Amino acid sequence: MRLDVITIFPDYLRALDLSLIGRAAGEGLIDLRVHDLRDWARDRHRTVDDTPLGGGAGMVMKPDVWGEALDEVLALPADAAAARESAAGRGRRVLVVPTPAGRVFTQRTAEDLARADHLVFACGRYEGIDARVAEHYRAAGIEVAELSIGDYVLSGGEAAALVMIEAIARLRPGVLGNPDSVVEESHGASGLLEQEVYTRPVAWRGLDVSRAWPALLSGDHARVARQRRNRAIARTIARRPDMIERLRPDTLDAADRAALARGGWAVPDGAAGPVELVVRPAVGADLADLVDLAARTFPDACPSFLTAEQIARHVAAHLTPGRFARWLADPRAVVTVAALGRDAETRAGRVGASELIGYSAVLVERNDDDGAPPVGLDPRPEGVTVPPAPDGGAGLAAELSKVYVDARLRGSGAAAALLAGAVRDAAARGVTALWLGTDGANRRAQRAYRRAGFVGAGSRTYDVGGRTCRDIVMVLNPQEAAGEY
Ligand code: J9N
């Protein structure tokens with residue numbers, strides 16, 4: 001690859017001799033040449049700039065000086081038609097003009113330019129280069145890329161050219177020692193930031209990697225890879241939500257979706273990418289939506305042998321406005337709702353504004369002053385034992401009754417987010433045995449609960465509209481469920 005840089009500060013580019021680019025040049029992988037623009041100036045002061053037409057502050061770089069310089073470096077005749085002829089045919093050549101007014105240079109741009117054979121960087125100072133320079137070379141058939149390295153203003157293009165050259169050159173074969181580090185890096189194909197990295201000592205100044213990230217030292221490569229990806233997702237959510245929005249659904253597996261959901265992003269069916277998910281406690285104003293959602297989602301979780309009539313009877317008896325109103329007023333009932341974020345509604349298209357897309361209810365097994373349990377709490381199945389609290393005090397049981405998500409959001413991660421929210425709430429309330437019953441035939445639900453840390457604890461029978469169903473019982477200790485998030 002041949003690189004030419006034209007600048008009024010040739011020494012500025014000396015930094016390239018020091019880095020890996022210098023070595024690559026030494027090995028003949030890159031042919032780097034730096035030129036002083038003033039060599040093409042015609043007057044005795046070697047003038048390269050003039051005042052802007054129309055007035056105003058600063059100076060503009062002269063097109064005639066740039067024209068002479070670029071014709072020579074690009075080896076082009078000054079006549080545009082003849083130049084077009086000679087520009088065609090040979091390898092790909094790009095004239096790169098760093099400018100804060102350019103398109104943003106990204107890793108994709110670096111990858112693209114790394115495929116060129118010849119790059120010529122025109123480093124402007126002051127307020128820029130006369131606009132006819134770019135216009136002329138474009139008309140002459142030269143590929144011209146006016147590029148910005150970010151939304152801030154430098155006083156010249158040299159630092160920007162250094163940045164671009166380093167990003168481009170390290171992608172050329174042989175320039176980097178270890179080509180793997182090009183594949184697995186921030187702004188690579190994954191669309192995620194790279195996760196945090198650690199080395200020895202494992203414990204340093206009280207910060208112990210083995211405690212924070214036990215998987216890293218487990219030697220289990222699949223587990224390490226999974227945890228790394230989860231941390232990359234968590235970091236990208238925290239620092240670059242714009243990158244989360246651009247993730248493609250077909251690149252996200254179920255574990256990715258769960259990690260996204262824990263960070264407040266869902267991937268609705270048919271959406272172009274993740275959308276923000278709001279998981280919050282239910283409030284009185286949600287009552288009507290909640291009743292509607294419950295009636296809509298309950299049939300999805302039922303075994304197929306139940307008739308519509310049996311299901312309707314159950315909904316009419318149990319999922320009533322009265323039932324939800326009592327839950328919302330009862331501190332032993334923790335109702336959590338999920339809704340898509342405000343921007344998300346429009347992007348997801350099919351989900352209406354402020355519509356709830358899921359809910360969960362945790363019912364704590366504690367009697368009120370009248371000795372009554374929360375309404376709707378099922379008897380605790382035999383298989384569920386209640387471990388003591390971490391401080392050795394009495395444990396507490398609660399039923400997860402349970403996580404329902406609109407069918408349109410199935411597989412989006414919304415259920416995982418609600419589940420994580422329910423486990424967090426239960427942990428905060430001192431629950432040590434969070435249990436649930438779910439239809440024995442509903443493998444999808446069981447898998448989701450297992451993924452959240454629930455384990456089997458027997459079975460129970462359950463009545464839906466007069467028909468007896470067999471449920472799998474699962475349990476989790478929220479006090480231990482920090483998990484490998
Ligand atoms: N991104 C970016 C480029 C620049 C300049 S100033 C003069 C040439 C290029 N500032 N910021």
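**Exercise 1. Tyr 359 and its partner**

Task: Is Tyr 359 buried or exposed in this predicted model? Then classify the ring pair that Tyr 359 forms with Phe 324.

Solution.
Step 1. Take the relative accessibility of Tyr 359, which is 1%. Buried means under 20%, so Tyr 359 counts as buried.
Step 2. Do the same for Phe 324. Its relative accessibility is 1%, so Phe 324 is buried.
Step 3. Turn to the geometry. A ring pair is described by the distance of the centres and the angle of the planes. For Phe 324 and Tyr 359 the centres are 5.6 Å apart and the planes stand at 75°. An angle over 60 degrees counts as edge-to-face, so that is the class of this pair.
Step 4. Place both residues in the chain. Phe 324 belongs to helix H15 (residues 321-329). Tyr 359 belongs to strand E13 (residues 356-364). The two are 35 residues apart, and their pair links distant parts of the chain.

**Exercise 2. A second ring pair**

Task: Which class does the pair of Phe 298 and Tyr 404 fall into, and which parts of the chain does the pair tie together?

Solution.
Step 1. Begin with the count: the structure holds five aromatic pairs.
Step 2. Read the geometry of this one. The ring centres of Phe 298 and Tyr 404 are 6.3 Å apart, and the planes meet at 55°. That angle is neither under 30 degrees nor over 60, so the pair is tilted.
Step 3. Locate the partners. Phe 298 sits in the loop between helix H13 (287-297) and helix H14 (308-318). Tyr 404 sits in strand E14 (residues 397-405). The pair therefore ties together parts that are 106 residues apart in sequence.
Step 4. Check the burial. Phe 298 has a relative accessible area of 6% and is buried. Tyr 404 has 8% and is buried as well.
Step 5. Widen the view. Phe 298, Phe 324, Trp 327, Tyr 359 and Tyr 404 form one aromatic cluster.

**Exercise 3. A charge over a ring**

Task: Where does the charged end of Arg 231 sit?

Solution.
Step 1. Find the ring of Trp 213; the charged end of Arg 231 sits over this ring.
Step 2. Note the distance to the ring centre: 4.6 Å.

**Exercise 4. The ligand and its shell**

Task: Which polar backbone atoms contact nitrogen atoms of the ligand, and how many charged residues does the shell have?

Solution.
Step 1. List some of the residues around the ligand. Among them are Pro 98, Thr 99, Gly 124, Ser 148, Ile 149 and Val 153.
Step 2. Ask which element gives the most. Strand E5 (residues 93-104) does, with three residues.
Step 3. Sort the shell by class. There are six nonpolar residues, six polar ones and no charged ones.
Step 4. Go through the contacts. A backbone N or O atom of Tyr 152 is 2.7 Å from a nitrogen atom of the ligand. For Leu 154, a polar backbone atom is 3.0 Å from a ligand nitrogen. For Gly 150, a backbone N or O atom is 3.2 Å from a ligand nitrogen.
Step 5. Look at the covering. The ligand taken alone exposes 310 Å², and the protein buries 96% of that.

**Exercise 5. Backbone exceptions**

Task: Which residues does a cis peptide bond join, and what phi do Arg 46 and Arg 205 have?

Solution.
Step 1. Recall the usual case. Most residues other than glycine have a negative phi, and most peptide bonds are trans.
Step 2. Find the cis bond. It joins Arg 200 and Pro 201, with omega about 0°. Pro 201 is in the loop between helix H8 (180-183) and strand E8 (203-204).
Step 3. Take Arg 46. Its phi is positive, about 55°, although Arg 46 is not a glycine. Arg 46 lies in the loop between strand E2 (31-36) and strand E3 (49-50). At 33% relative accessibility, Arg 46 is partly exposed.
Step 4. Take Arg 205. Its phi is positive too, about 50°. Arg 205 lies in the loop between E8 and strand E9 (207-208). At 72% relative accessibility, Arg 205 is exposed.

**Exercise 6. Asp 220**

Task: What does the side chain of Asp 220 reach?

Solution.
Step 1. Place Asp 220 in the loop between helix H9 (209-212) and helix H10 (221-239).
Step 2. Judge the exposure: at 36% relative accessible area, Asp 220 is partly exposed.
Step 3. Follow the side chain. It reaches the backbone nitrogen of Ala 222 at 3.2 Å.

Definitions and conventions. Residues numbered from 1 in each chain as written. Predicted model: local features only at pLDDT ≥ 70, side-chain atom pairs only at ≥ 80, totals over all residues. Heavy atoms only, no water. Phe/Tyr/Trp six-rings, centres within 6.5 Å; stacked < 30°, edge-to-face > 60°. Helix = DSSP H or I, 4+ residues; strand = E, 2+ residues; numbered from the N terminus. Buried < 20%, exposed > 50% of the residue type's maximum accessible area, 1.4 Å probe, protein only. Lys NZ or Arg CZ within 6 Å of the ring centre and 35° of its normal. Near = heavy atom within 4 Å. Polar contact = N/O pair within 3.5 Å; in protein donor to acceptor, adjacent residues only side chain to side chain. Areas by Shrake-Rupley, 256 points an atom, 1.4 Å probe, with all protein chains shown as cover. Nonpolar A, V, L, I, M, F, W, Y, C, P; charged D, E, K, R; others polar.
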